[in-house]
Amino acid sequence: MRARGGIDLHAHSTASDGTLPPAGVVAEAVAAGLGVVALTDHDSTAGWDEAFAAARGTGITVVPGIELSTQLDYASIHVLGYLPDPADAALASALAGLRDERLHRAERMVERIAADYDLTWADVLAQTAPGATIGRPHIADALVAKGIVPDRSAAFASILHWRGGYYQPHRAPEPLAGVALIAGAGGVPVIAHPGSRAPQSVLSEPRIRALVDAGLAGIELRHRDNLEGARERWTDVARRFDLIVTGSSDFHGAGKPNRLGENTTDPADYARIVELGSGSVPYTG
Ligand code: AMP
Ligand code: FE
Ligand code: FE
Ligand code: ZN
């Protein structure tokens, strides 16, 4: 599936919870032979400029994006937003608010973990790039550095699991508000991994209809977290609502097994995204 010139619309850098800096993500995308890569850090546009600069002279296209945290019935729903205006006041303030929520939530989790394990907040900060959107992966990296767990996945399967006894939620807007926020900033809203556990369980038909009415443009149909059997349902949803369908890796560098280009998006679907997005433009180096 690593077609030369492939289009991968979901990747993370150290601006959130990836392990490579934005320039490293772009370099790896070039090495993987991709034609287009989107940088979609959680709740942040901070990596865009470095990614554009790294693309210069390579011929690759970098699509500026975000992965917005939203929440519905205690379930976490991620909404990808392509080509939004990073200076849009409503979006910028929502992203800043989310990063702040996540910071305090991570502090609460570390406080609880510290009661049972040799872990401090300074250990977590040592694993976090300045200004990055902080998340459980940074706590995981600190647990690895302390020798408490072997890798991120082991941390997520135990101490950081939502039923692991230390989990803390953070406030986030509802998906409907998230979709409206992205669309209002000229961006193209796409539900990330809709067939993964949380969205699959809470996104009922009427809720999907409401999201489409609010400007939802697409769904990430091909993603390794979409559950077995969910693909049929979402293929049908996409057809009925005429949604763009994407395929992406959700690359996090060494932090997850996901490899760039493991799923890709058809050129016709990518063209619809570019046509709809009005807040920023892809950068071709
Ligand atoms: P948070 O948003 O802080 O609750 O953490 C969830 C993030 O952790 C997701 O965006 C994933 O990128 C990452 N994540 C989830 N599960 C794993 C895992 N098993 N290994 C590594 N990273 C993970
Ligand atoms: Fe992530
Ligand atoms: Fe996600
Ligand atoms: Zn992601």
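Modeller: A residue is called buried when its relative accessible area is under 20%. The model is a predicted one.

Biologist: Why does Glu 67 count as buried?

Modeller: The relative accessibility of Glu 67 is 1%. The cut-off is under 20%, so Glu 67 counts as buried.

Biologist: What makes Glu 67 a donor of the zinc ion (ligand 4), and which other residues are donors there?

Modeller: A donor is an N, O or S atom within 2.8 Å of the metal. The OE of Glu 67, the NE2 of His 10, the NE2 of His 12 and the OD of Asp 250 lie 2.1 to 2.3 Å from the zinc ion (ligand 4). That range is within the 2.8 Å limit, so these are its protein donors.

Biologist: Why is the site of the zinc ion (ligand 4) called irregular?

Modeller: The angles among its 4 donor atoms run from 77 to 167°. A tetrahedral site needs all angles between 85 and 135 degrees. Both ends of the range fall outside those limits, so the site is not tetrahedral. The site is classed as irregular.

Biologist: What is the spacing of these donors along the chain, and which parts of it do His 10 and Glu 67 link?

Modeller: The donors of the zinc ion (ligand 4) follow H-x1-H-x54-E-x182-D. His 10 is in the loop between strand E1 (7-8) and helix H1 (22-31), while Glu 67 is in strand E3 (residues 61-72), 57 residues apart. His 10 is buried, and so is Glu 67.

Biologist: What makes Glu 67 a donor of the iron ion (ligand 3) as well?

Modeller: Glu 67 (OE), His 78 (ND1) and His 193 (NE2) lie 2.0 to 2.2 Å from the iron ion (ligand 3). With the limit at 2.8 Å, they count as donors. Their spacing is E-x10-H-x114-H. Here Glu 67 in strand E3 is paired with His 193, 126 residues away in the loop between strand E5 (188-191) and helix H8 (197-202).

Biologist: Why does His 193 count as buried?

Modeller: Its relative accessibility is 10%, and the cut-off is under 20%, so His 193 counts as buried.

Biologist: Which residues are the protein donors of the iron ion (ligand 2), and how far from other metals is this ion?

Modeller: Asp 17 (OD), His 42 (NE2) and His 252 (NE2) are the protein donors, 2.1 to 2.2 Å from the iron ion (ligand 2). They are spaced D-x24-H-x209-H. His 42 lies in strand E2 (residues 36-42) and His 252 in the loop between strand E7 (244-247) and helix H11 (267-276), so the pair ties together parts 210 residues apart in sequence. His 42 is buried, and so is His 252. The iron ion (ligand 2) is 4.4 Å from the zinc ion (ligand 4) and 5.6 Å from the iron ion (ligand 3).

Biologist: Why is Thr 128 called buried, and what is it in contact with?

Modeller: Its relative accessible area is 15%; the cut-off is under 20%, so Thr 128 is buried. Thr 128 is found in the loop between helix H4 (121-125) and helix H5 (136-145). Leaving aside neighbours within four places in sequence, Thr 128 is in contact with Ile 134 and His 138.

Biologist: How do you know that the side chain of Thr 128 makes a polar contact with Val 124?

Modeller: A polar atom of that side chain lies 2.8 Å from the backbone oxygen of Val 124. The limit for a polar contact is 3.5 Å, so the pair is within it.

Methods: Residues are numbered from 1 along each chain as its sequence is written. Chains are lettered from A and ligands numbered from 1 in the order in which they are written. This is a predicted model: local features need pLDDT of at least 70, side-chain atom pairs count only at pLDDT 80 or more; totals for chains, interfaces and linings use all residues. Side-chain values use heavy atoms; hydrogens and water are left out. Donors are N, O and S atoms within 2.8 Å of the metal (3.2 Å for Na, K and Ca); water is not among the atoms, so sites may look incomplete. Four donors count as tetrahedral if all angles lie between 85 and 135 degrees; four count as square planar and six as octahedral if opposite donors are over 155 degrees apart and all others between 65 and 115; anything else is irregular. Helices (H or I, at least four residues) and strands (E, at least two) are DSSP runs, numbered from the N terminus. Buried means under 20% relative accessible area, exposed over 50%, partly exposed in between (1.4 Å probe, protein chains only). A polar contact is a pair of N or O atoms within 3.5 Å; within protein, one must be able to donate a hydrogen and the other to accept it, and residues adjacent in sequence count only if both atoms are side-chain atoms. Contact means heavy atoms within 4.5 Å.
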